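Subject: Structure handover

Hi,

Here is the structure I promised to pass on. My notes on it follow below the model.

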Amino acid sequence: MSGLELRNIVKNFGAVEVIRDVSLHVNDGEFVAFVGPSGCGKSTLLRLIAGLDKPTGGSIAIDGKDVTAISAADRGLAMVFQSYALYPHMSVRENLAFGLENTKVAKAEIEARITDAARMLEIEPFLQRRPGQLSGGQRQRVAIGRAIVRRPDAFLLDEPLSNLDAELRVSMRAELAALHARLKATMIYVTHDQVEAMTLADRIVVLRSGRVEQVGTPLELYNNPANRFVAGFIGAPH
Ligand code: ADP
Ligand code: MG
């Protein structure tokens with residue numbers, strides 16, 4: 001089976017159950033948003049999918065293969081964090097190339113990918129600068145660029161726009177939509193902003209206290225919320 005399959009995922013931190021029996025299938029190329037209030041487990045779930053942490057129970061499969069049987073490098077995933085996580089002592093170019101240099105990707109191919117991503121994200125003028133010399137929006141573009149140059153099958157984005165001001169957030173939203181249309185990669189997008197989820201996602205997963213409350217298209221959730229929590233969160237009439 002193709003795509004990403006979560007089966008009965010449970011995650012405990014000590015005695016605390018943070019993810020409780022989450023099952024979900026994400027199709028190749030789909031844009032799925034995880035929404036829910038702060039602390040509901042969005043980042044934890046994304047980290048489990050990325051292989052940065054292991055579930056306490058359940059299994060995660062990519063294209064029918066258990067992730068534990070696939071090396072991190074071969075999973076075809078790239079993660080973008082809210083905090084950018086750029087190396088301050090490296091130029092933008094070096095940040096983009098970092099991690100690709102010691103792989104099978106040839107030098108000329110790395111250069112071509114950097115040029116392509118920089119053009120797409122309009123960060124060409126800043127390639128020689130350091131992150132400290134960039135605005136928040138430019139830094140976030142670099143962080144997204146670093147994921148793009150890896151040519152992943154799936155992008156895992158953890159509140160990538162939440163540190164930006166409102167105006168920039170709206171324009172970056174449009175850019176993300178364009179990027180998804182162009183790259184045709186799977187996007188798993190964590191946000192606590194329901195407007196972002198409603199405008200970007202093919203499907204929305206509403207989480208509450210580590211459980212899935214509802215999964216559906218933005219329209220399904222809006223027209224047919226499973227309960228008051230979903231309705232309230234989505235901003236649907238109830
Ligand atoms: P969200 O991203 O939805 O805001 P998180 O996934 O970050 O939520 O956190 C879910 C819950 O798990 C929170 O109660 C948080 O305090 C707890 N948690 C997250 N990471 C850890 C950890 N490494 N150790 C202990 N508790 C954690
Ligand atoms: Mg989080």
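In what sense do strand 4 and strand 5 pair, and over how many bridges? The pairing is antiparallel, and strand 4 and strand 5 share 2 bridges. Before the rest, please note that this is a predicted model.

The four-stranded sheet

Strand 4 and strand 5 belong to an open sheet of 4 strands. Its order is 2-1-4-5, and the pairing is antiparallel. The edges are strand 2 (16–26) and strand 5 (65–66). Each of these has a single partner strand, so one side of each lacks a neighbour in the sheet.

Go through the pairs in order. Strand 1 (residues 4–13) pairs with strand 2 in the antiparallel sense, over 7 bridges. In that pair, Ile 9 stands opposite Val 22 of strand 2. Strand 1 also runs antiparallel to strand 4 (residues 57–62), and 5 bridges join them. There, Arg 7 faces Ser 59 in strand 4. In strand 5, Asp 66 stands opposite Ala 61.

Strand 4 and strand 5 make a hairpin, with 2 residues between them. Look at Asp 63 in the turn: its phi is positive, about 50 degrees.

The six-stranded sheet

The other sheet on my list is open too, and 6 strands form it. The order is 6-7-8-3-9-10. Here the pairing is mixed. Strand 6 (77–80) and strand 10 stand at the edges. Each has a single partner strand, so one side of each is without a neighbour in the sheet. From one strand to the next, the twist averages 15 degrees.

Strand 9 (residues 203–208) shows the mixed pairing well. With strand 3 (residues 31–35) it runs parallel, and 4 bridges join the two. With strand 10 (residues 211–216), strand 9 pairs in the antiparallel sense over 5 bridges.

Ile 204 is a good residue to click on. Ala 33 stands opposite Ile 204. In strand 10, the bridge partner of Ile 204 is Gly 216. Further along strand 9, Val 206 stands opposite Gln 214 in strand 10.

Strand 9 and strand 10 form a hairpin as well, with 2 residues between the strands. Ser 209 in this hairpin takes a positive phi near 45 degrees.

The helices

Helix 3 (residues 107–121) and helix 4 (residues 136–148) have axes that come within 10 Å. The axes cross at roughly 140 degrees. That makes helix 3 oblique to helix 4, because only angles over 145 degrees count as roughly antiparallel. The crossing is right-handed.

Helix 5 (residues 166–183) passes a simple length check. At 1.5 Å a residue, its 18 residues should span 26 Å. The end C-alpha atoms of helix 5 are 25 Å apart, which agrees. Lys 184 follows helix 5, and its phi is positive, near 60 degrees.

Ligand 1

Which residues are around ligand 1? They are Phe 13, Val 18, Gly 36, Ser 38, Gly 39, Cys 40, Gly 41, Lys 42, Ser 43 and Thr 44. By class, the shell has 3 nonpolar, 6 polar and 1 charged residues. Helix 1 (residues 42–50) gives the largest share of this shell, with 3 residues.

Best wishes

Methods. Residues are numbered from 1 along each chain as its sequence is written. Chains are lettered from A and ligands numbered from 1 in the order in which they are written. This is a predicted model: local features need pLDDT of at least 70, side-chain atom pairs count only at pLDDT 80 or more; totals for chains, interfaces and linings use all residues. Two strands pair if DSSP finds at least two bridges between them. A residue is near a molecule or strand if its C-beta atom, placed from the backbone, lies within 6 Å of it. Ala, Val, Leu, Ile, Met, Phe, Trp, Tyr, Cys and Pro count as nonpolar, Asp, Glu, Lys and Arg as charged, and the others, Gly among them, as polar. The expected span of a helix is 1.5 Å times one less than its number of residues. Axes are lines fitted to C-alpha atoms, for helices over the stretch in contact, and angles run from 0 to 180 degrees between N-to-C directions. Angles under 35 degrees count as roughly parallel, over 145 as roughly antiparallel, 65 to 115 as roughly perpendicular and the rest as oblique. A crossing is left-handed if the near helix is turned anticlockwise from the far one by less than a right angle, and right-handed if clockwise.
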